[in-house]
Amino acid sequence: TITVDVPTGFEVEGAEDLKIHKELKSEGKIICKFDSNYELKEDKLIVTIEEFYRQLEIPIDQYEAFREVINAASDFNKSSILLTKVE
């Protein structure tokens, strides 16, 4: 969890980019997942992230879906927010 204090008189832009959900299932079970979300509560931006890999080996036919999960984490690292002054 990441908590950002939003100063009085400012608003958050770009928070929608923080919402990412990718998962890979095998035999009905989630074997890896990246999930990030955010919530604006009063003067705080609260970002939650869950990432896990329950299986060490992935079948080659699931490689692209596995890569999407890994890339989601990278995409999150590239995301940014902007605090702009409300006029």
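Two strands pair if DSSP finds at least two bridges between them. With that in hand, here is a tour of this predicted model.

**Figure 1. Four strands make an open sheet.** Read across the sheet, the strand order is β1-β5-β4-β3, and the pairing is antiparallel. At the edges are β1 (2–5) and β3 (20–26), each of which pairs on one side only. From one strand to the next, the twist averages 15 degrees. Confidence is worth keeping in mind as you look: the protein chain averages a pLDDT of 95, and 100% of the residues score at least 70. Strand β5 (residues 44–53) has the highest confidence, at 97, while helix α1 (residues 63–78) has the lowest, at a mean of 94.

**Figure 2. Here β1 meets β5.** The two strands run antiparallel and are joined by four bridges. Two places let you follow the match by eye. Thr3 stands opposite Ile46 in β5, and Val4 stands opposite Leu45 in β5.

**Figure 3. Strands β4 and β5 form a hairpin.** Ten bridges join this antiparallel pair. To find a spot along the ladder, look for Ser36, whose bridge partner in β5 is Ile49. Two residues lie between the strands of the hairpin, and Glu42 there takes a positive phi near 55 degrees.

**Figure 4. Helix α1 lies across three strands of the sheet.** The strands in question are β3, β4 and β5. Relative to β3, the helix runs at about 155 degrees. Keep this helix in view, as the next two legends return to it.

**Figure 5. Phe34 and Phe76 form a tilted aromatic pair.** A search of the whole structure finds two aromatic pairs, and this is one of them. The ring centres of Phe34 and Phe76 are 5.9 Å apart and the planes meet at 50 degrees, so the pair counts as tilted. Distant parts of the chain are linked here: Phe34 belongs to strand β4 (residues 29–41) and Phe76 to helix α1, 42 residues apart. Phe34 counts as buried because its relative accessibility is 2%, and Phe76 is buried too, at 12%.

**Figure 6. Tyr53 and Phe66 meet edge-to-face.** Their ring centres lie 6.1 Å apart; the planes are at 75 degrees, so this pair is edge-to-face. Again the pair links distant parts of the chain, with Tyr53 in strand β5 and Phe66 in helix α1, 13 residues apart. Tyr53 has 35% relative accessibility and therefore counts as partly exposed, whereas Phe66 is buried, with a relative accessible area of 17%.

**Figure 7. The charged end of Arg54 sits over the ring of Phe52.** Look for the end of the Arg54 side chain 4.1 Å from the centre of that ring.

**Figure 8. Lys33 is a buried lysine in strand β4.** Its relative accessibility is 13%, and buried means under 20%, so Lys33 counts as buried. Who surrounds Lys33? Not counting residues up to four places away in sequence, Lys33 touches His21, Lys22, Glu23, Glu50, Glu51, Phe52 and Val69. Phe52 may be familiar, as its ring has the charged end of Arg54 over it. For a sense of scale, Lys33 and Val6 are 27 residues apart in sequence and 29 Å apart in space, C-alpha to C-alpha.

Note on methods: Residues are numbered from 1 along each chain as its sequence is written. This is a predicted model: local features need pLDDT of at least 70, side-chain atom pairs count only at pLDDT 80 or more; totals for chains, interfaces and linings use all residues. Side-chain values use heavy atoms; hydrogens and water are left out. pLDDT is the predictor's confidence in each residue, from 0 to 100. Rings of Phe, Tyr and Trp (its six-membered ring) pair if their centres lie within 6.5 Å; planes under 30 degrees apart count as stacked, over 60 as edge-to-face and the rest as tilted. Buried means under 20% relative accessible area, exposed over 50%, partly exposed in between (1.4 Å probe, protein chains only). A charge sits over a ring if NZ of Lys or CZ of Arg is within 6 Å of the ring centre and within 35 degrees of the ring normal. Axes are lines fitted to C-alpha atoms, for helices over the stretch in contact, and angles run from 0 to 180 degrees between N-to-C directions. Contact means heavy atoms within 4.5 Å.
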